[in-house]
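Here is a short briefing on charged side-chain pairs and on confidence. Please look over the sequence and the structure first.

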Amino acid sequence: MAAIYSLYIINKSGGLIFYKDCGTKGRMDTNDSLRVASLWHSMHAISQQLSPVNGCSGIELLQADTFDLHCFQSLPGTKFFVVCEPGTPHMESLLRYIYELYTDYVLKNPFYEIEMPIRCELFDINLSQAVQSDRVALLGR
Amino acid sequence: MQFFGGSEISPSPPVPTASGNNAHMMYVFNRNGVCLLYKEWNRPLHTLNPQQDHKLMFGLLFSLKSLTAKMDPINADKGNLGVPQLPGQGCSFHSFRTNTYKLSFMETPSGIKIILVTHPKTGDLRESLKYIYGLYVEYVVKNPIYTPGSPIKSEMFNTALDQYVRSIS
């Protein structure tokens with residue numbers, strides 16, 4: 001049973017451009033979500049400095065007591081990360097699917113300004129469909 | 001371990017869950033950020049000098065703890081971001097993984113932080129970290145000559161630790 005609590009998309013400078021919260025408790029206000037996103041951007045960069053071997057591309061999975069955080073960084077530097085229940089499977093493929101939706105409905109939208117907050121209805125609709133639990137199970141196949 | 005009676009610590013080292021694990025390095029910090037121990041087994045890349053490296057590691061962990069406490073989706077009442085959390089207060093992370101390494105973290109109620117950096121395919125090392133804490137208690141804390149807050153120089157601790165970490169492979 002996939003339970004996704006929230007999804008964040010950060011641009012390459014670390015600013016939050018999209019935030020979706022599906023959780024019931026523990027909701028954050030806008031300012032806090034902005035701070036958390038910037039903090040994650042910095043932590044992601046610092047983790048590359050502490051790598052014992054070459055070629056580190058940053059944190060992909062953070063495991064905490066009550067949640068897991070999966071992060072995907074695209075080639076231009078846009079980061080997609082999702083907060084979910086511990087042990088939720090197929091989060092990496094979900095993140096790659098969300099990246100596809102982002103390229104289709106956001107980047108190809110001629111009215112969308114790059115690096116700005118995302119306000120695309122089709123992206124929201126398709127995203128809601130993607131995070132429903134039966135859809136996530138399908139992606140696992 | 002026979003000197004102190006094996007039953008007083010954990011009965012036996014936990015069964016290694018890792019497959020092909022090669023430990024890269026290990027840090028032990030106290031609650032004030034003093035690096036009590038830094039051990040290196042396999043570290044081809046040194047980005048910063050040791051002091052900066054320890055400070056950066058401590059800072060990263062401090063901020064990540066603050067972040068996880070804030071992002072916790074279960075607890076409704078959370079402090080503000082950046083407020084120092086007491087050990088055990090708020091949700092804390094136990095590991096993170098990148099494409100080149102996995103970092104396992106454990107904080108005890110006394111504020112001692114144990115960090116083990118290993119191969120990314122390593123399994124859950126929480127039990128192993130607890131065992132290492134057991135070694136720390138036996139060989140370091142119970143040593144009457146050791147001053148708390150100073151770097152660890154105990155030969156027996158280093159040997160036991162080395163032996164245990166190599167056996168996780």
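D32(A) and K70(B) are both buried, meaning under 20% relative accessible area with a 1.4 Å probe and protein chains only (exposed is over 50%, partly exposed in between). The two form a salt bridge, a side-chain nitrogen of Lys or Arg within 4 Å of a carboxyl oxygen of Asp or Glu. Their closest N and O atoms are 3.1 Å apart. This is a predicted model: local features need pLDDT of at least 70, side-chain atom pairs count only at pLDDT 80 or more, and totals for chains, interfaces and linings use all residues. Side-chain values use heavy atoms, without hydrogens and water.

**The network**
- D32(A), R35(A) and K70(B) are linked in a network of salt bridges.
- D32(A) also forms a salt bridge with R35(A), with the closest N and O atoms 2.7 Å apart.
- R35(A) is partly exposed, at 46% relative accessibility.

**Another pair**
- K130(B) forms a salt bridge with E127(B), and their closest N and O atoms are 3.4 Å apart.
- K130(B) is partly exposed at 48% relative accessibility, and E127(B) is partly exposed at 46%.
- The count over all chains is 13 salt bridges.

**Confidence**
- The predictor gives the complex an ipTM of 0.85 and a pTM of 0.85.
- Chain B has a mean pLDDT (the predictor's confidence in each residue, from 0 to 100) of 83, and 86% of its residues reach 70 or more.
- Over residues 1–11 of chain B, the pLDDT is below 50.
- Over residues 15–21 of chain B, the pLDDT is also below 50.
- Where pLDDT is low, predicted coordinates should not be read in detail.

Technical notes: Residues are numbered from 1 along each chain as its sequence is written. Chains are lettered from A and ligands numbered from 1 in the order in which they are written. Contact means heavy atoms within 4.5 Å.
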